[in-house]
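Open the model in your viewer and keep the selection panel at hand. The tour below goes from one selection to the next.

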Amino acid sequence: MSELAVEVNGLKRSFGDVHALNGLHLEIKPGIVFGLLGPNGAGKTTLVRVLSTLLQPSAGSARVLGHDVVADQLAVRRRIGLAGQFAAVDNELTGRENLIMVARLSRLSAKEAARRATESLERYSLADVADRRASTYSGGMRRRLDLAAGLIASPPLVLLDEPTTGLDPRSRQELWDAIAALQREGTTVLLTTQYLEEVDRLAERIAVIDQGRIVAQGTPSELKDAVGQSTVSVQLTNAADQDAALAALSQHGIAVGAVDIQRPSLDDVFLELTGHKAEEPVLEQA
Amino acid sequence: MTRVPERPGGRGAEPLAYSISDRRHLTPAEVLSDTRVLAGRQLRKVLRRPMYVVFLFIQPVLFVLLFRYVFGGAINTGHLSYVNYLMPGIIVMTATFGSMTTGLGLTEDMAGGVVDRLRSLPISHAAILIGRTAADMVTNLVTLVVMIGIGLLVGFRPSQPIYDFILAVLLTLAFAYVFSWISAWVGLASKNPETAQSVGFIWVFPLVFASSAFTPTTHMVAPVKAFANVNPITLLTNAARDLMVGGHSATAPALWALVWMVGLLLLFVPLAVRQLRRA
Ligand SMILES: Nc1ncnc2c1ncn2[C@@H]1O[C@H](COP(=O)(O)OP(=O)(O)OP(=O)(O)O)[C@@H](O)[C@H]1O
Ligand SMILES: [Mg+2]
């Protein structure tokens with residue numbers, strides 16, 4: 001049995017003549033938060049769907065905690081928790097009923113399912129609306145409920161497809177805390193995102209995906225190092241010194257108020273590697 | 001950034017409350033338990049939307065009024081009064097249309113992502129559909145009982161023994177169950193809810209109207225008549241009619257209806273499950 005949480009080899013998946021995944025290789029060690037970064041249409045969702053057995057690959061193979069996603073679907077589904085890009089909650093049921101259903105179908109006892117449902121509703125700030133139908137929830141509440149559903153059975157591998165899209169800053173912070181907690185508990189997390197800050201903050205390793213392939217991989221720091229040099233910005237005490245400063249920077253003796261060393265941001269990495277700019281995060285008000 | 005050990009050590013705050021099974025297949029008990037959970041979910045939703053069930057009656061009630069009081073006088077049904085001829089047909093039609101909610105509901109669940117959620121869980125795909133069709137059968141039973149009540153109000157007078165009557169209802173219910181699977185397949189195969197709304201329904205209309213549900217097939221034009229005579233809806237309606245208000249022996253049409261049911265079930269259960277797997 002493989003020791004990798006995720007092992008993807010030459011994975012291809014096409015839709016007609018669109019090659020959503022085009023020979024993708026990826027390895028994720030257990031116990032880490034792994035960030036998958038890519039522009040729209042890069043193949044993030046397709047990869048997540050293949051890993052969660054929702055979609056059959058056209059070629060290549062993928063294993064989750066040692067189990068093949070095609071040959072061994074049941075074993076894979078017993079080990080993953082999924083929160084897809086679009087919240088998958090049953091509108092006609094209450095938040096609590098949604099969670100209990102997922103917990104029951106993940107083979108938890110009725111009592112345990114009820115206990116965990118209450119606990120997650122609390123944890124994701126849904127306690128107040130727990131017994132209201134999900135159709136009355138705001139977009140952010142639905143997302144949180146969907147996440148809670150994906151995590152309720154404490155699976156060893158959690159697949160989160162753009163989990164913070166549409167969350168307000170406070171909910172996003174709560175989710176980040178939850179992901180950090182998962183990692184402390186030893187859960188492997190695969191996180192796709194458009195928020196560079198998110199992977200920078202949470203992920204131990206990052207892969208950049210573009211046109212169905214991984215185009216770069218490493219720690220956030222390695223990726224930044226790979227792209228250009230750091231920028232040193234110097235703030236002058238005396239505005240009048242500006243010309244002199246420029247001339248004299250190679251010499252010595254300029255009074256410096258503040259020095260800010262800027263490493264390339266992940267934005268730069270993104271741009272450099274994929275040739276497009278990352279989506280600007282849209283912050284939603286609470 | 002915190003370094004973590006390469007292999008997860010213990011699960012900290014929330015230990016696994018169950019151990020991950022390594023059996024390659026689910027046990028029948030597990031499939032049954034999942035089916036129960038899923039059917040329960042469906043029934044709870046129906047109870048929560050009673051208007052939705054009321055909506056299921058509007059059309060059959062309109063048909064009862066239309067045929068009983070408008071067209072009925074012009075239809076010759078021999079020794080049977082038209083209302084006694086009509087009601088078994090209406091009951092079969094109600095069950096057939098009622099079973100179409102299976103497919104519509106599934107397309108809705110697909111569009112809303114619920115199907116994806118369920119498919120990502122360690123349950124059998126068949127349980128998803130068995131749970132759904134079982135719940136729809138319960139809803140269907142309720143609508144049948146109400147339609148029988150409405151029939152009695154407009155003059156329907158069953159003349160056969162009660163156990164024959166019950167047998168007719170059970171046969172109709174079983175037929176609706178089979179049609180639920182066809183509807184499930186159509187619903188899962190259609191790409192979006194709009195298509196399912198139209199296509200999902202259209203194929204049952206010729207089956208219902210080119211049958212003996214509203215008029216005897218004797219006066220239909222030859223090709224339609226040929227179709228109507230082997231139409232499972234004709235066979236079921238004839239059986240139900242004979243079991244409710246008498247006339248002929250119900251044995252032959254009932255047996256043929258059963259043959260249809262078994263055949264359709266054998267065909268559409270695997271088709272629907274396969275379609276769900278691909279959804
Ligand atoms: N069911 C489908 N049918 C046809 N094309 C598809 C389908 N699913 C995905 N694609 C195509 O595959 C490519 C990859 O899509 P995917 O959803 O995986 O991208 P993504 O990285 O998740 O993008 P986003 O950031 O916008 O969510 C896109 O070109 C998309 O149009
Ligand atoms: Mg996506």
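Start with helix α1 of chain A, residues 44-51. This helix lies across five strands of chain A: β3 (33-37), β6, β7, β8 and β9 (205-210). Its direction makes an angle of about 150° with β7(A). Bear in mind throughout that this is a predicted model.

**The six-stranded sheet, chain A**

Now select the strands themselves. Six of them make an open sheet, ordered β6-β7-β8-β3-β9-β10, with mixed pairing. Go to the edges: β6 (80-83) and β10 (213-218) of chain A each pair on one side only. Neighbouring strands here are turned by 15° against each other on average, direction ignored.

Zoom in on β7 (157-161) and β8 (188-193) of chain A. These two strands pair in the parallel sense, over five bridges. Pick A:Leu160 and look across: A:Leu191 in β8(A) stands opposite.

Next, add helix α5 of chain A, residues 139-151. This helix lies across β6 and β7 of chain A and runs at about 170° to β6(A).

**The four-stranded sheet, chain A**

Return to α1(A). Which other strands does α1(A) lie across? They are β1, β2 and β4 (59-64) of chain A, and the helix runs at about 115° to β1(A).

Select the sheet with the order β2-β1-β4-β5 in chain A: four strands, open, with antiparallel pairing. Its edges are β2 (18-28) and β5 (67-68) of chain A. Each has a single partner strand, so one side of each has no neighbour in the sheet.

Follow β1 (6-15) of chain A along β2(A). The two pair in the antiparallel sense over eight bridges. A:Leu11 is a good residue to click on; A:Leu24 in β2(A) stands opposite.

**Two helices, chain B**

Switch chains. Select α3 (82-99) and α4 (101-111) of chain B. They pack at an angle of about 15°, with axes 5 Å apart. α3(B) and α4(B) are therefore roughly parallel, as angles under 35 degrees count as such. For the contact, show B:Phe97, B:Gly98 and B:Ser99 of α3(B) against B:Thr101, B:Thr102 and B:Gly103 of α4(B). By class, this contact has one nonpolar, five polar and no charged residues.

**Last stop: B:Thr172**

Find B:Thr172 in helix α7 (162-189) of chain B. Is B:Thr172 buried or exposed? B:Thr172 is buried, because its relative accessible area is 0% and the cut-off is under 20%. Its side chain reaches the backbone oxygen of B:Ala168 at 2.7 Å. Farther along the sequence than four places, B:Thr172 touches residues including B:Ile91, B:Leu144 and B:Leu236.

Definitions and conventions
Residues are numbered from 1 along each chain as its sequence is written. Chains are lettered from A and ligands numbered from 1 in the order in which they are written. This is a predicted model: local features need pLDDT of at least 70, side-chain atom pairs count only at pLDDT 80 or more; totals for chains, interfaces and linings use all residues. Side-chain values use heavy atoms; hydrogens and water are left out. Buried means under 20% relative accessible area, exposed over 50%, partly exposed in between (1.4 Å probe, protein chains only). A polar contact is a pair of N or O atoms within 3.5 Å; within protein, one must be able to donate a hydrogen and the other to accept it, and residues adjacent in sequence count only if both atoms are side-chain atoms. Contact means heavy atoms within 4.5 Å. Axes are lines fitted to C-alpha atoms, for helices over the stretch in contact, and angles run from 0 to 180 degrees between N-to-C directions. Angles under 35 degrees count as roughly parallel, over 145 as roughly antiparallel, 65 to 115 as roughly perpendicular and the rest as oblique. Ala, Val, Leu, Ile, Met, Phe, Trp, Tyr, Cys and Pro count as nonpolar, Asp, Glu, Lys and Arg as charged, and the others, Gly among them, as polar. Two strands pair if DSSP finds at least two bridges between them.
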